[in-house]
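Please read the following short report alongside the sequence and the 3D view. It takes up a few individual positions and then turns to the ligand.

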Amino acid sequence: MTQKSAVKPFLEVLSGQRQKVPPIWMMRQAGRYLPEYRKVREKAGGFLDLCFTPELATEVTLQPIRRFNFDAAIIFSDILVIPYALGRAVSFEVGEGPRLDPLDTPEKVAALAAKADFAKLEPVYEALRRVRRELDSGIALIGFCGAPFTVATYMVAGQGTPDQAPARMMAYSHPDAFAKIIDALVENSVEYLLGQLQGGADALQIFDTWAGVLPPREFARWSIEPTRRIVEGVRAKVPGAKIIGFPRGAGALLPAYVEATGVDAVSIDWAAEPSLIRERVQSKVAVQGNLDPLVLIAGGAALDRAIDDVLANFASGRLIFNLGHGILPETPIAHVEQMVKRVRNFRA
Ligand code: CP3
């Protein structure tokens, strides 16, 4: 099965080569919608134990590949391993999402470690090496981190919030303290991403899930600028490193994001306006997306129509087929199969 120098369609698109059949994977493809994931998750104990046990992290990374033969695997971990390695308390309560000790005053920020304890992240690198050995050579392996703004929203609030008000407020009221968190995240994320490339990642994705809550001036400062520094920092050591940005909800700010950050592709959410994306984004970089995860739950004719819309909108250019955000736990597996089949039968 494994051939040495097989072409990876996913990487071809990132390198500028449109594929007749767009490569496909799904954000959050390893997760609770899979019964085999839930089984391993139960056995692992805590969520972070799952992330930091290479044997188990390797297994759950490969589960969606075995089932759906996606064109890319994403290493199983979480964006909050960086705050954890910075010495913050991080836990995941079942059904409640992440909990951290809130970093919500300038005094607390002053005591934040500048450098992460990278020994804590060694198991992620080991999992990458193991996945790389087991993965078919035509399938790409994606490493990732959270963008500094999105990671900071969880660090400041100590949990997820509907509108990231605590982080936005700190950015207005105590910009120097907020900048200190962002700077620490930029520097440590560069090192973490370089470690993932060394472990065998073929490409990297930077998840800025909450970028869309920022007004344009703040978006430029807290989403674009830190992401630009990460891209530059990684490429200073690994020129040509392939990087995908996901500034969810950026909308009309996407062209500026692409221009300034230097990413090779952007992942777009389902609300993105197709002609703006084609003319001012896809003309410059590859586009990844952007099926609404809800229609993947709905299935049937609505799903077929939505898939065809994504293909009609973007498959004439460089496209990696994906969802507009992560797959939801209640998604029927048969609907994922329906999607993969329909996309793979497409001929541009
Ligand atoms: O994509 C993959 O399959 C790889 C693994 C991955 C996880 N989280 C595993 C996970 C990736 C790439 C992430 C990214 C992540 N984590 C983001 C950015 C992408 C996005 O979806 O917006 C964010 C904001 C987080 C933070 C986080 N981790 C939250 C808010 C939660 C709880 C809510 C949820 O989605 O479940 C997590 C937990 C988490 N991370 C789970 C998984 C599979 C569920 C934990 C469990 O199994 O109980």
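## A buried asparagine in a strand

Asn322 has a relative accessibility of 1% and therefore counts as buried, the cut-off for that class being under 20%. This is a predicted model, and within it Asn322 is placed in strand β9, which runs over residues 319-323.

When residues up to four places away in sequence are not counted, Asn322 touches Trp25, Met26 and Met27 on the one hand, and Gln288, Gly289, Asn290 and Leu291 on the other.

## A buried threonine in a helix

Thr58 belongs to helix α4, which comprises residues 54-68. With a relative accessible area of 4%, Thr58 is likewise under the 20% limit, so this residue is classed as buried.

Which residues are in contact with Thr58, once its neighbours within four places in sequence are left aside? They are Ala127, Arg130, Val131 and Glu134.

## A partly exposed glycine in a loop

Gly240 is found in the loop that lies between α11 (216-237) and β6 (243-247). Its relative accessibility is 48%, and because the class between buried and exposed extends from 20% to 50%, Gly240 counts as partly exposed.

Although Gly240 and Ser15 are 225 residues apart in sequence, their C-alpha atoms are 9.5 Å apart in space.

## The ligand and its surroundings

The ligand sits in the largest pocket. Among the elements of secondary structure, those that give two or more residues to the shell around the ligand are α2 (35-44) and β3 (97-100). In total, 21 residues surround the ligand, and the closest of them are Arg32, Tyr37, Asp78, Thr209 and His325.

Three polar pairs can be described individually, each of them involving an oxygen atom of the ligand. In the side chain of Tyr37, an N or O atom is 2.5 Å from a ligand oxygen, while a polar side-chain atom of His325 lies 2.6 Å from an oxygen atom of the ligand. Gln29 takes part through its backbone, where an N or O atom lies 3.2 Å from a ligand oxygen. On its own the ligand has 860 Å² of accessible area, and the protein covers 89% of this.

Notes:
Residues are numbered from 1 along each chain as its sequence is written. This is a predicted model: local features need pLDDT of at least 70, side-chain atom pairs count only at pLDDT 80 or more; totals for chains, interfaces and linings use all residues. Side-chain values use heavy atoms; hydrogens and water are left out. Helices (H or I, at least four residues) and strands (E, at least two) are DSSP runs, numbered from the N terminus. Buried means under 20% relative accessible area, exposed over 50%, partly exposed in between (1.4 Å probe, protein chains only). Contact means heavy atoms within 4.5 Å. A residue is near a molecule or strand if one of its heavy atoms lies within 4 Å of it. A polar contact is a pair of N or O atoms within 3.5 Å; within protein, one must be able to donate a hydrogen and the other to accept it, and residues adjacent in sequence count only if both atoms are side-chain atoms. Accessible areas come from the Shrake-Rupley method with a 1.4 Å probe; for residues, only the protein chains shown count as cover. On a 1 Å grid over the protein atoms alone, a cavity is a set of points where a 1.4 Å probe fits but cannot get out, and a pocket is an open set with protein on both sides within 12 Å along at least five of seven lines; lining residues have an atom within 4 Å of a point. A molecule sits in a cavity or pocket if more than half of its atoms lie within 2 Å of its grid points.
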